Amino acid sequence: MEVASMESIGVLMTNQMYPYLEDQLAKRFNLFRLWNYPSLSAFAKAHANSIRAIVGSTKMGADATMIDSLPKLEIVCTFSVGLDKIDLPKCKQRGIPVANTPDVLTDDVADLAIALALSVSRRICVSDSFVRNHSWTKSPFYLTYKFSGKTVGIVGLGRIGSAIAKRAAAFGCPISYHSRSEKPDTGYKYYSNILDLASNSQILIVACALTQETHHIVNRQVIDALGPKGILINIGRGQHVDEAELVSALKEGRLAGAGLDVFENEPHVPEELLSLDNVVLVPHIGSDTVETSNAMADLVIANLEAHFQNKPLLTPVT
Amino acid sequence: MGTISVLLVAKVLPYLEQELDKRYKLFDGIDPSQRAAVVRDHAASIRAVVASSSGGPDAALIEALPKLEIVSSFSVGVDKIDLEKCKERGVRVTNTPDVLTDEVADLTIGLILAVLRRICECDRYVRSGNWKKGDYKLTTKFSGKTVGILGLGRIGAAVAKRAEGFDCKICYYSRNEKPDSKYKYYPSVVELASNCDVLVVACPLTPETHHIINREVINALGPKGVLINIGRGKHVDEPELVSALLEGRLGGAGLDVFENEPHVPEELFGLENVVLLPHVGSATVETRTAMANLVLDNLEAHFLGKPLLTPLV
């Protein structure tokens, strides 16, 4: 099947994730925009049989209800590397392949993890505000804490975790990690449980996939093990962390600081965090650069085209 | 040594001031009018001056202290100290290199990331409740960008090492090309600026490097380029920098230093493509303590007739 003749293929985009992606999908396929309908059921009533592909994202993927309501569904693509919003067992059951966007976003997310660690340690945002509100003319800023050489513990040494390790190592940070299984030949210290990792790290960075097993993997015990001088960086998913416990630990000084790109109920952030100087809060921007978003969009398109041309997917989820 | 008179001419870490006061006869000459009074009354006894990045002895002060033997600076930069006068008078000068290298290099990378990824703007965006209205816009990637370093000394080299962890290409300008360096050398600052995405100022401030970042260099860096200054404010022609940012001729800037600290050009406060820091390059508990100890150790070595640890003159 030629690219040009895919115009009749119905593709459902679940939310307004990226204008460039939307334009490309609309050019090549018969694009349906879910957000233009009052509900999934209203959409399904009108167009269920037209849909052969879903393009989802971190905000809305493809859950069982959606998959069940689309009898002609052949493929699910997600504009993300994370798969937690897709019902993978359901897709497997229906024989529906899933493709995500690994690798192209690895650098950006790793860069953000380091940016957050530096910003928290050195109070970059607080001191920028200190200058902008004229406080510097009255007094110097307070002393902060060194980042170089701190022990960095990484939860999940996948593509993103490894990229974070490489960057942190350039700052002389000893690297250790916890993972489902030990990775041979990394040169990094392995801990078979997250509690030991937290006890032995000054900066703990969450970089694993969100699954049932890793839900709230950072709980009160882990936070206490990281301790009053420890910093937590979360560039994974909000549900990796028991947010209520994190908030109380920060308020009570049981944790020194946190850099968070993700929250349990985005875009809502716990009110109590908004007044703290020892946290840096960013709105799930891990891969949100022009370069990377374009690369992710191109990968979604390439996977869809490959599927409809009966070619191997570029980045299938196995 | 409690009888040795030491003059403090700039604010330093409280720990350092306390220790100096314990070990020596310390005179507070931080405030200029107070300094004048101290000099008037005690000039004949002062044997050491402790300086910092915010203040050091100029020729006049050095001339006014006939018994001056050593100037110990609580900084690595010594642009506030008249080195020529010190050499002429046989006055030793020490600074605090190495102990702050990592710290300043860390902050440099922190500034680059904060500017390119709009970290501070995003943090403000969340705190103001704007995230509930919509996502923040897309920013630009850091990894893989070309970083140009002006001055490949200790700090410049440490910045380069860190940037390499992000797969950045490194190029540099220096008074002389470094034969053992694997990085690309450009023989002029304008050429360096033309060929990099992020330009980092990491050289000492001397008469030659005053306003080394001028309009021509800024224009060469261009509307997508980012300037990072962790050197001295006077490395950059500040009015030119401000107009370039306001007019969009420069993509962004991360500044830890300014021409007239603690004053920062008001026009910069409304810009979202700049990050403005209050000269905190070495300002961590760990590093300032190490710097303080180096000042104390240099003074002690001098007065015990031992070799100085980190002499410049």
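**Entry 1: A:Ala62**

I started by listing what A:Ala62 touches: leaving out residues up to four places away in sequence, I got A:Ile54, A:Ile67, A:Val76, A:Lys85, A:Ile86 and A:Asp87. Note to self: this is a predicted model. I then looked up where A:Ala62 sits, and found it in the loop between strand 3 (51-56) and helix 3 (64-68) of chain A. Buried or exposed, I wondered about A:Ala62? Its relative accessibility is 0%, so A:Ala62 counts as buried, the cut-off being under 20%. I also checked a long pair: A:Ala62 and A:Lys251 are 189 residues apart along the chain, and their C-alpha atoms are separated by 37 Å.

**Entry 2: strand 1 of chain A**

Next I went to strand 1 (residues 10-13) of chain A and asked which residues lie on each face. I found A:Gly10 and A:Leu12 on one side, A:Val11 and A:Met13 on the other, all of them buried, which leaves both faces covered. For neighbours, I got strand 3 of chain A, paired with strand 1 in the parallel sense over four bridges. There, A:Met13 has A:Val55 as its bridge partner. Strand 2 (residues 30-33) of chain A also runs parallel to strand 1 and is joined to it by four bridges. In that pairing I noted A:Val11 with A:Leu31.

**Entry 3: the UniProt spans on chain A**

I pulled the UniProt record, an unreviewed entry. It places "domain: D-isomer specific 2-hydroxyacid dehydrogenase catalytic" at residues 29-317 of chain A. In the model I get 34% helix and 15% strand for that span, with its end C-alpha atoms 23 Å apart. The record also puts "domain: D-isomer specific 2-hydroxyacid dehydrogenase NAD-binding" at residues 114-286 of chain A. Here the ends are 11 Å apart by C-alpha atoms, and the chain is 29% helix and 15% strand.

**Entry 4: chain B overall**

I switched to chain B and counted eleven helices and twelve strands. Its radius of gyration is 21 Å against the 20 Å that the globule rule gives for 313 residues, so chain B is as compact as a globular protein of that length. The box around its C-alpha atoms, along the principal axes, came out at roughly 65 × 50 × 30 Å. Of the 313 residues in chain B, 58% are buried. I also looked at contacts between residues at least 6 apart in sequence, and 58% of those in chain B join residues at least 24 apart.

**Entry 5: the seven-strand sheet**

What is the strand order of the open sheet in chain B? I read 8-7-6-9-10-11-12, with parallel pairing. Strand 8 (184-185) and strand 12 (274-276) are the edges, each pairing on one side only. I zoomed in on strand 6 (residues 146-150) and strand 9 (residues 198-201) of chain B, a parallel pair with four bridges. One of the matches is B:Ile149 with B:Val200. Helix 5 (residues 101-116) of chain B lies across strand 9, strand 10 (226-229), strand 11 (252-255) and strand 12, at about 150° to strand 10.

**Entry 6: nonpolar cores**

Last lookup: the largest nonpolar core has 187 residues, and A:Leu21 and B:Ile213 have the most contacts inside it. I listed what B:Ile213 touches beyond four places in sequence, and the set includes B:Leu150, B:Val189, B:Leu199, B:Val201 and B:Leu227. I also found a second, separate core of 19 residues, with B:Val39, B:Ile62, B:Val71 and B:Ile81 among them.

How values were computed:
Residues numbered from 1 in each chain as written. Chains lettered and ligands numbered in written order. Predicted model: local features only at pLDDT ≥ 70, side-chain atom pairs only at ≥ 80, totals over all residues. Heavy atoms only, no water. UniProt positions renumbered as here; feature names shortened; annotations may be inferred. Helix = DSSP H or I, 4+ residues; strand = E, 2+ residues; numbered from the N terminus. Pairing = 2+ DSSP bridges. Contact = heavy atoms within 4.5 Å. Axes fitted to C-alpha atoms, helices over the stretch in contact; angles between N-to-C directions. Core = buried A, V, L, I, M, F, W, Y, C linked by side-chain atoms within 4.5 Å. Buried < 20%, exposed > 50% of the residue type's maximum accessible area, 1.4 Å probe, protein only. Rg over C-alpha atoms; globule rule 2.2 N^0.38 Å.
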